[in-house]
Amino acid sequence: MEINMEVRNETTIQEFILEGFPAIQYLGNIFFLMHLLAYLASITGNMVIIIITWADHRLQTPMYILLSTFSFSECCFITTVIPKLLSIFLSGRQTISFTSCLTQAFSFLFFGSIIFFLMAVMSLDRYLAICKPLHYPAVMNLRVSFLLAFFCNALSFILITGLVLKVSQLSFCGPNVISHFFCDLGFLIHLSCSDTGSVEIYVLFLALLVILISLILTIIAYSNIVVTIVRLPSAKERQKAFSTCSSHLIVLSLMYGSCVFIYVKPKQTNRLDSNREAALVNTVVTPLLNPVIYTLRNKQVHQALRETMCRMKISR
């Protein structure tokens, strides 16, 4: 028994190798520049939303409080993985310690879960504003929006902490190459030499809870919004409302579609090689689109931004 324990300790993996995209590594410099620009644009767009929301009292409404929380979570979400992806494009494979790997996995899933919960909450907020305008002021206020944002953070922390603790108890004594650009828990589970049955069930449970429940709530909310829009008397109002809703639904489809493909499946060993490409959608594409879709197309935000810029020029 002691001999077996000694052998196991000697072969326990202390660090992993993030493989990235070896097939296109010769184009690393080009992809580095593309993803760096996308990252900077995403951070800038989301930071503008946060600053404008808190600088202009007219935007301190439940909708924009939720949006600023969403933007902050998205900045943290992409910062968890994109810097490592950029270093992979420049230098090739990257090593990462087991502790850092778990930390990255926790941060990615924690902020990702917050984003999904917030998307569901924001959809319900829009449903109340459009479909129940008379009840909206009584139901949604700043206090309620702060409580909902706190609930999204607290629930995500509890759920993801439980999952990461389960994974941290697994043994890793075989290959240490993760065919991804960040520490995805699906790959970690696949590399473990322990029995991972209970962990995979927990992952599936979390995926159903976080992704599918928020997706169902979002679909219900937008279905009612579409019905309300169809009943608008003015064709111009209908066209404007459908334009806004369709752009929202495109981003939602990209994010939910990629995450359902990655996480909502019984066995984590299925289609692991395809997860890298799908993960790029919700770590690069949708964070770049979200600031434009949700607020930067909004006339109220444009006006607040212009006035803030004018105040800055005057103060100088």
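The legends below describe close-up views of a predicted model.

**View 1. The chain in outline.** This predicted chain holds 11 helices and 3 strands. Read from the N terminus, its elements follow the order α-β-α-α-β-α-α-α-β-α-α-α-α-α. Of the 316 residues, 46% are buried. Among contacts between residues at least 6 apart in sequence, 80% link residues at least 24 apart.

**View 2. The sheet.** An open sheet is built from 3 strands in the order β2-β1-β3, with mixed pairing. The edge positions belong to β2 (94-97) and β3 (177-178); each has a single partner strand, so one side of each lacks a neighbour in the sheet. Strand β1 covers residues 15-18 and runs parallel to β3, joined by 2 bridges. Ile17 has Val177 of β3 as its bridge partner. Leu18 stands opposite Ile178, also in β3. Towards β2, the pairing of β1 is antiparallel, with 4 bridges. Here Glu15 has Ser97 of β2 as its bridge partner.

**View 3. Strand β2, side chain by side chain.** Side chains alternate along β2. Gln94 and Ile96 point to one face and are buried. Thr95 and Ser97 point to the other face and are not buried.

**View 4. Helices on the sheet.** Helix α3, residues 62-91, lies across β1 and β2. Its direction runs at about 140° to that of β2. Helix α4, residues 98-131, also packs on the sheet and touches β1, β2 and β3. The direction of α4 makes about 90° with that of β2.

**View 5. The α3 and α4 pair.** Two packed helices are described by the angle between their axes and the distance between the axes. For α3 and α4, the angle is about 155° and the axes lie 9 Å apart. Angles over 145 degrees count as roughly antiparallel, and α3 and α4 are therefore roughly antiparallel to each other. Their crossing is left-handed. The contact of α3 with α4 has 16 nonpolar, 6 polar and 4 charged residues.

**View 6. The α4 and α8 pair.** Helix α8 spans residues 197-230. It packs with α4 at an angle of about 20°, and the two axes are 9 Å apart. That makes α4 roughly parallel to α8, since angles under 35 degrees count as roughly parallel. The crossing of α4 with α8 is left-handed. On the α4 side, the residues in contact include Phe116, Phe117, Met119, Leu124, Tyr127 and Ile130. On the α8 side, they include Val210, Ile211, Leu217, Tyr222 and Ile225. Polar names appear on both sides too, among them Ser113 and Ser123 in α4 and Ser214, Thr218, Asn224 and Thr228 in α8. Arg126 of α4 also takes part. By class, the contact of α4 with α8 has 14 nonpolar, 6 polar and 1 charged residues.

**View 7. Gln104 in its surroundings.** Gln104 is part of helix α4. Is this side chain's residue buried or exposed? Gln104 counts as buried because its relative accessibility is 8%, and the cut-off is under 20%. Residues up to four places away in sequence are not counted in what follows. Gln104 touches Thr80, Val81 and Lys84. Gln104 also touches Ile96, Phe182 and Cys183. Thr80, Val81 and Lys84 fall within the range of α3, residues 62-91. Ile96 falls within β2 (94-97).

**View 8. Leu59 and a partner far along the chain.** Leu59 sits in the loop between α2 (28-55) and α3. Its relative accessible area is 1%, so Leu59 is buried. Which residues does Leu59 contact, leaving aside neighbours within four places in sequence? The answer is Ile52, Thr53, Tyr64, Gln300 and Ala304. Ile52 and Thr53 fall within α2 (28-55). Tyr64 falls within α3, residues 62-91. Gln300 is 241 residues from Leu59 in sequence. In space, the C-alpha atoms of Leu59 and Gln300 are 8.1 Å apart.

Technical notes:
Residues are numbered from 1 along each chain as its sequence is written. This is a predicted model: local features need pLDDT of at least 70, side-chain atom pairs count only at pLDDT 80 or more; totals for chains, interfaces and linings use all residues. Side-chain values use heavy atoms; hydrogens and water are left out. Two strands pair if DSSP finds at least two bridges between them. Contact means heavy atoms within 4.5 Å. Axes are lines fitted to C-alpha atoms, for helices over the stretch in contact, and angles run from 0 to 180 degrees between N-to-C directions. Angles under 35 degrees count as roughly parallel, over 145 as roughly antiparallel, 65 to 115 as roughly perpendicular and the rest as oblique. A crossing is left-handed if the near helix is turned anticlockwise from the far one by less than a right angle, and right-handed if clockwise. Buried means under 20% relative accessible area, exposed over 50%, partly exposed in between (1.4 Å probe, protein chains only).
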